[in-house]
Amino acid sequence: MTKGKLGGKKILGFILMGLGILSWIIFLLLSFSDFPDKAATAILVLITGEVLFIISIILLKNAGKVSNNR
């Protein structure tokens with residue numbers, strides 16, 4: 001079995017997925033903090049995490065396709 005190299009799309013997809021998961025963790029930790037405008041910050045972090053996660057899924061789905069052009 002040969003090992004394949006990670007392409008640029010896969011690396012970017014994994015980085016964005018990590019950032020998306022990290023933003024969800026930050027969203028959960030915001031409930032324990034005490035500062036003004038917590039609701040607006042939490043919504044912004046949650047939406048950013050969702051967008052990053054969706055983009056990473058799109059990148060990783062497209063990076064796994066192999067063309068059979070002969």
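**Two serines and a leucine in a predicted model**

Modeller: In this predicted model, a polar atom of the serine 23 side chain lies 2.7 Å from the backbone oxygen of glycine 20.

Biologist: What makes the pair formed by the side chain of serine 23 and the backbone oxygen of glycine 20 close enough for a polar contact?

Modeller: The cut-off for such a pair is 3.5 Å, and the distance between the serine 23 atom and the glycine 20 oxygen is 2.7 Å, so the pair falls within the limit.

Biologist: Why is serine 23 called buried?

Modeller: Serine 23, which is found in helix H1 (residues 8-29), has a relative accessibility of 9%, and because buried means under 20%, the residue counts as buried. Not counting residues up to four places away in sequence, serine 23 touches Val45 and Gly49.

Biologist: Why does leucine 19, also placed in helix H1, count as partly exposed?

Modeller: Its relative accessibility is 40%, and since partly exposed covers the range between 20% and 50%, leucine 19 belongs there. Leucine 19 is also one of the residues making a nonpolar surface patch of about 630 Å², to which Leu6, Ile11, Phe14, Ile15, Leu22 and Ile26 contribute as well.

Biologist: How do you know whether serine 56 is buried or exposed?

Modeller: The relative accessible area of serine 56 is 0%, which is under the 20% limit, and therefore the residue is buried. Serine 56 is found in helix H2 (residues 38-63), and, leaving aside neighbours within four places in sequence, is in contact with Gly13, Leu16 and Met17.

Notes
Residues numbered from 1 in each chain as written. Predicted model: local features only at pLDDT ≥ 70, side-chain atom pairs only at ≥ 80, totals over all residues. Heavy atoms only, no water. Helix = DSSP H or I, 4+ residues; strand = E, 2+ residues; numbered from the N terminus. Buried < 20%, exposed > 50% of the residue type's maximum accessible area, 1.4 Å probe, protein only. Polar contact = N/O pair within 3.5 Å; in protein donor to acceptor, adjacent residues only side chain to side chain. Contact = heavy atoms within 4.5 Å. Patch = residues over 30% accessible without salt bridge, like charges linked within 9 Å, V, L, I, M, F, W, Y side chains within 5 Å. Areas by Shrake-Rupley, 256 points an atom, 1.4 Å probe, with all protein chains shown as cover. Salt bridge = Lys/Arg side-chain N within 4 Å of Asp/Glu carboxyl O.
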